[in-house]
Protein chains: 2
Amino acid sequence: MSRRGVTVWFTGLSGAGKTTLSCGVAQQLRAWGLPVEVLDGDLVRQHLTKGLGFSKADRDENIRRIGFVAEMLTRHGVIVLVSAISPYRAVRQEVRQYIGNFIEVFVDAPLEVCERRDVKGLYRKARAGLIQHFTGIDDPYEPPEQPEVVCKTAEQSISECIDLVMQSLKSRGYL
Amino acid sequence: MSRRGVTVWFTGLSGAGKTTLSCGVAQQLRAWGLPVEVLDGDLVRQHLTKGLGFSKADRDENIRRIGFVAEMLTRHGVIVLVSAISPYRAVRQEVRQYIGNFIEVFVDAPLEVCERRDVKGLYRKARAGLIQHFTGIDDPYEPPEQPEVVCKTAEQSISECIDLVMQSLKSRGYL
């Protein structure tokens, strides 16, 4: 009851480093004994949003459901780390308002870098036309206008990026 | 952190008194300053499970999603009160295993009583054939075999039933 919860929302292209970063932050927070929950886009799609596709309407519904769960956990004092492409500005704004205690982390890496990394082999498939509606290829990504944190994962190390997020939590009184 | 969370799962026919009961329990727990979340079947269908229908597969998916969220909240020390018809025994068993700290409350009222109450006017519609797959009319309800609590809402008062649930939370060390 005493702790103030918060949602830290990692947005960015596939391969930008959202999952790596959110897991790194989670690990540090857990080491301090803090209550943490990671809501990863891929995992969430298996559980909460099975059956949703990648149209704008389905993507927005996906984000709203994550927001619905994140809000409840935040209200109960949990530090919720959401890792989801969440390409549309308007619905990110909507969940920000809905949740209240909210830190937006723009995981910012150039498309070329993400495509070169291609951790999941998805860019290759998208370029080959095997996947449609792929963010950055044939689907839009609207970068945040005023994110609380920007992590340039092509230029900064993972630990530098983790530090930026931790600093942001500290300076806002969440730690 | 310190508190042990638990999910209290109210199952029973439409009109049996699940929502009344879970709200009554929530009120008592909140008055003691305890962290409580009510996941009501109707509300959840607007947020987490929009688009799901009332086939067995969709009902099971509905219950699994509620279970997914209830588990997270439970793990973070929240007392989660789920109010959902949840007519199928197997998937109730599944979420029980998944969540771990689990109290099943069978809100047990005879169909005739629920139909006479008909708070939402749904039985009338189901009898008139305007709603299909209505639990108790043309869809099955499988009563729990070994619920932790049975509330006979046609015979016991609301406050007696609330007391039964509170006793059950106390005797298991959740309060």
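A residue is called buried if 20 or more other C-beta atoms lie within 10 Å of its own, exposed if 12 or fewer do, and partly exposed in between, with C-beta atoms placed from the backbone. The structure is a predicted model, in which local features need pLDDT of at least 70 and side-chain atom pairs count only at pLDDT 80 or more, while totals for chains, interfaces and linings use all residues. Residues are numbered from 1 along each chain as its sequence is written, and chains are lettered from A and ligands numbered from 1 in the order in which they are written.

**Exercise 1. Describe helix α7 of chain B, and find which of its residues are buried and which are exposed.**

Step 1. Helices (H or I, at least four residues) and strands (E, at least two) are DSSP runs numbered from the N terminus. Helix α7 of chain B covers residues 158–171, and its 14 residues reach 20 Å from the first C-alpha to the last, close to the 20 Å expected at 1.5 Å a residue; the expected span is 1.5 Å times one less than the number of residues.

Step 2. The buried residues of α7(B) are Cys161(B), Ile162(B), Val165(B) and Leu169(B). Seen down the axis of α7(B), these buried residues fall within an arc of 100 degrees, so they line one face of the helix; the arc is that of the directions from the helix axis to the C-beta atoms. An α-helix has 3.6 residues a turn, so residues three or four places apart point the same way.

Step 3. On the other side of α7(B), the exposed residues are Ser159(B), Glu160(B), Gln167(B), Lys170(B) and Ser171(B).

Step 4. The buried residues of α7(B) pack against β1 (6–11), α1 (18–31), β4 (102–107) and β5 (149–151) of chain B, where two residues are in contact if their C-beta atoms, placed from the backbone, lie within 7 Å. Just after α7(B) comes Gly173(B), which takes a positive phi of about 80 degrees.

**Exercise 2. Work out the order of the strands in the sheet of chain B, and place α7(B) on that sheet.**

Step 1. Two strands pair if DSSP finds at least two bridges between them. The five strands of chain B form an open sheet with parallel pairing, in the order β2-β3-β1-β4-β5.

Step 2. At the edges of this sheet stand β2 (36–40) and β5 of chain B, each with a single partner strand, so one side of each is left without a neighbour in the sheet. From one strand to the next, the twist averages 20 degrees, with axes taken as lines fitted to C-alpha atoms (for helices over the stretch in contact) and angles running from 0 to 180 degrees between N-to-C directions.

Step 3. The parallel strands β4(B) and β5(B) are joined by three bridges, and Phe106(B) has Val150(B) in β5(B) as its bridge partner. Helix α7(B) packs on the sheet, touching β1, β4 and β5 of chain B, and its direction makes about 175 degrees with that of β5(B).

**Exercise 3. Compare the two chains by superposition, and then examine strand β4 of chain A.**

Step 1. Chain B can be laid on chain A with an RMSD of 0.0 Å by a turn of 180 degrees and a shift of 0.0 Å along the axis. The two copies are thus related as by a two-fold rotation axis; the superposition is by least squares on the C-alpha atoms of residues with pLDDT of at least 70 in both.

Step 2. Of the interface residues of chain B, 92% are also interface residues in chain A, so the copies meet through the same surface.

Step 3. In chain A, five of the six residues of strand β4 (residues 102–107) are buried, so this strand is largely enclosed by the rest of the structure. Strand β4(A) pairs with β1(A) (residues 6–11) in the parallel sense over five bridges, and Ile103(A) is the bridge partner of Val8(A).

**Exercise 4. Locate Asp118(B) and His133(B), and state the sign of phi at each.**

Step 1. Most residues other than glycine have a negative phi, and most peptide bonds are trans.

Step 2. Asp118(B) has a positive phi, near 40 degrees, and is placed in the loop between α5 (111–117) and α6 (122–127) of chain B. Asp118(B) counts as partly exposed because it has 15 C-beta neighbours inside 10 Å.

Step 3. His133(B), although not a glycine, has a positive phi of about 55 degrees, and lies in the loop between α6 and β5 of chain B. With 15 C-beta neighbours inside 10 Å, His133(B) counts as partly exposed.
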